Amino acid sequence: MHMLGVDIGGSGIKGCLVDTKTGELIGERHRIATPQPATPAAIAHTLKALVEHFDWKGPVGCGFPATIHNGVAKSAANIDKSWIETDAEHLFADVTGKPCYVLNDADAAGLAEMRFGAGKDRKGVIILITVGTGIGTAIFVNGHLLPNTELGHLMLEGMVAEHYCSDAARKREDLSWNRWGKRFNKYLARLEFLFSPDLFILGGGSAAKLDKFVDRIETRAPLIPAASLNQAGIIGAALYAAEQQG
């Protein structure tokens with residue numbers, strides 16, 4: 001089955017058609033800068049432009065940077081606070097004219113990695129961490145998702161963790177990969193203390209740079225890159241839409 005998957009982020013809204021049987025992208029990914037301010041109406045109309053770019057007529061899966069409960073955003077990470085309590089699924093469906101299925105963006109990336117990527121056939125506790133504008137997390141226990149964990153908002157070194165060790169923080173403070181890696185190791189150590197995972201999977205743009213800071217990682221659980229790197233959110237969103245369609 002082919003499905004349109006969309007990864008809505010704080011800096012970019014990215015989409016591509018996905019073969020949900022294989023997890024492979026079909027054709028070229030398309031990216032549109034996230035509008036600022038990232039209000040519900042602005043993002044919905046950007047999503048519509050993305051759907052029209054692909055001339056897509058079917059359902060749309062969307063990974064979204066918020067906790068999502070029955071299609072409703074209950075938080076707003078790196079987007080406008082007016083998203084809180086907005087029914088994202090209904091809004092996106094109304095604006096695009098297509099059925100839309102919305103889940104947390106890190107949960108979407110995790111679904112892709114557990115089905116096709118680094119977490120395939122792995123048992124135990126697995127934590128996927130997406131590092132970009134913010135930090136997203138997805139926890140799986142023997143393949144089952146615990147949704148909406150949002151552990152990028154833990155307190156670390158007196159601040160919200162994603163303000164301390166996201167990729168945006170690295171760029172903002174002009175940190176070397178060595179210095180940033182030390183910060184990220186502290187974050188992983190906190191997660192390891194709380195959840196005793198068997199494996200960390202790193203997603204987002206930083207996954208491709210793992211070799212630059214992996215020698216700073218001292219956790220018991222290994223840290224490995226996501227197989228689909230920063231495409232996992234798109235693939236997982238498409239998988240989610242396909243599952244909702246039955």
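This short presentation describes the fold of one protein, from its overall dimensions down to single strands and one loop residue.

Good morning, colleagues. Please keep in mind throughout that we are looking at a predicted model.

I begin with the whole chain. The protein contains 7 helices and 14 strands. Its radius of gyration is 17 Å, close to the 18 Å that the globule rule gives for 246 residues, so the protein is as compact as a globular protein of that length. Along the principal axes, the C-alpha trace spans about 50 × 40 × 30 Å. Of the 246 residues, 57% count as buried. The surface that the protein exposes amounts to about 10600 Å², and carbon and sulfur atoms supply 50% of that area. As for the contacts with a separation of 6 or more, 60% of them are made by residues 24 or more positions apart.

The next level is the domains. Domain 1 is made up of 1-105 + 229-242, while domain 2 covers 120-223. Their C-alpha centres lie 23 Å apart. Where the two are in contact, domain 1 contributes 13 residues and domain 2 contributes 12 residues.

Let us turn to the N-terminal end of the sequence. Strand E1, residues 2-8, is mostly covered, with 6 of its 7 residues buried. What does E1 pair with? One partner is strand E2, residues 12-19, which runs antiparallel to E1 and is joined to it by 7 bridges. The connection between E1 and E2 is a hairpin through 3 residues. Within this pairing, Ile8 has Ile13 of E2 as its bridge partner. E1 also pairs with strand E4, residues 60-64, in the parallel sense, over 4 bridges. There, Gly5 stands opposite Gly61 of E4.

I now move to strand E13, residues 199-203. How many of the residues of E13 are buried? The count is 5 of the 5, so the strand is largely enclosed by the rest of the structure. In a regular strand, side chains alternate between the two faces of the sheet. In E13 both faces are covered: Leu199, Ile201 and Gly203 are buried on one side, and Phe200 and Leu202 are buried on the other.

Strand pairing adds to this picture. Strand E8, residues 125-131, pairs with E13 in the parallel sense over 5 bridges, and Ile126 finds its bridge partner in Leu199 of E13. E13 also pairs with strand E14, residues 223-225, again in the parallel sense, here over 3 bridges. In that pairing, Leu202 has Pro225 of E14 as its bridge partner.

One annotation deserves comment. An unreviewed UniProt entry places a "transmembrane region" at residues 124-146. In the model, this span is 0% helix and 74% strand, and its end C-alpha atoms lie 13 Å apart.

I close with a single residue, Thr39. It sits in the loop between strand E3 (24-33) and helix H1 (40-53). Is Thr39 buried, partly exposed or exposed? Its relative accessibility is 24%, and because buried means under 20% and exposed means over 50%, Thr39 counts as partly exposed. Leaving aside neighbours within four places in sequence, Thr39 is in contact with Asp80, Ser82 and Trp83. By contrast, Asp19 is 20 residues away along the chain, and the C-alpha atoms of Thr39 and Asp19 are separated by 31 Å.

Thank you for your attention.

Note on methods. Residues numbered from 1 in each chain as written. Predicted model: local features only at pLDDT ≥ 70, side-chain atom pairs only at ≥ 80, totals over all residues. Heavy atoms only, no water. Buried < 20%, exposed > 50% of the residue type's maximum accessible area, 1.4 Å probe, protein only. Helix = DSSP H or I, 4+ residues; strand = E, 2+ residues; numbered from the N terminus. Pairing = 2+ DSSP bridges. Contact = heavy atoms within 4.5 Å. UniProt positions renumbered as here; feature names shortened; annotations may be inferred. Rg over C-alpha atoms; globule rule 2.2 N^0.38 Å. Areas by Shrake-Rupley, 256 points an atom, 1.4 Å probe, with all protein chains shown as cover. Domains from an automatic or database assignment.
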